[in-house]
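Visitor: I would like a close look at the salt bridges of this structure. Please describe where the paired side chains lie along the chain and how exposed they are.

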Amino acid sequence: MALTGKMVSEVEISSNGDDIFHIVAGKKAQHAPNLSPEKVHKVEIHQGDWGDHGSIKVWTYVAEGQVETYKEKVSIDEENKTVHMKALEGHCLELYKSYNIIYEFIHKGETNAVKITIEYEKKNEHIPPPQKYMDFLISLIKDLDANLVKE
């Protein structure tokens, strides 16, 4: 059984995606708790500045009713509207040797979407794929989008 894997999901959004891009990229990450308070408790900058390529942030969030943390190093490709987050510390690394999230913002004419990819390596063959984290990320994107459309 393979220990490495990839999960991919695409979420249609009603907003233009720019604000969500800036939230996950970090430029507006500090607004996530206001837009999705039940899912994101806080986002703190650990190194660098908000929105800087290579900055390190710590997210405190709720997945499946459990408060968890995720310390990430972010790589931003503004031109292609892609954000790559590499896990440095956090609950996900208790199960996975490596864990990376990739957000790709796709403009499809009348509609827009966010493609979410999780790349991971399990610590052993008995560890399940990170479905709970994919479910959380999908739910978060939908929540952010719904609240941004209201504004």
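Guide: The model is predicted, and a search of the whole structure finds 10 salt bridges. One of them pairs E10 with K108, whose closest N and O atoms are 2.4 Å apart. This contact links distant parts of the chain, since E10 belongs to strand 1 (residues 4–13) and K108 to strand 6 (residues 96–108), 98 residues apart. E10 is partly exposed, at a relative accessible area of 40%, and K108 is likewise partly exposed, at 40%.

A further salt bridge joins the side chains of K27 and E78, with an N to O distance of 3.9 Å. Here both partners sit in loops: K27 between helix 1 (18–25) and helix 2 (32–35), E78 between strand 4 (66–77) and strand 5 (82–90), so the pair ties together parts that are 51 residues apart in sequence. K27 has a relative accessibility of 42% and counts as partly exposed; E78, at 38%, also counts as partly exposed.

Strand 6 enters again with K97, whose side chain meets that of E121 in a salt bridge of 3.9 Å, N to O. K97 in strand 6 and E121 in strand 7 (residues 111–122) are 24 residues apart, and the pair links distant parts of the chain. K97 is exposed, at 53% relative accessible area, because the exposed class begins over 50%. E121, in contrast, is partly exposed, at 24%.

Finally, shared partners extend one of these contacts: K27, E78 and K81 are joined by salt bridges into one network.

Note on methods
Residues numbered from 1 in each chain as written. Predicted model: local features only at pLDDT ≥ 70, side-chain atom pairs only at ≥ 80, totals over all residues. Heavy atoms only, no water. Salt bridge = Lys/Arg side-chain N within 4 Å of Asp/Glu carboxyl O. Helix = DSSP H or I, 4+ residues; strand = E, 2+ residues; numbered from the N terminus. Buried < 20%, exposed > 50% of the residue type's maximum accessible area, 1.4 Å probe, protein only.
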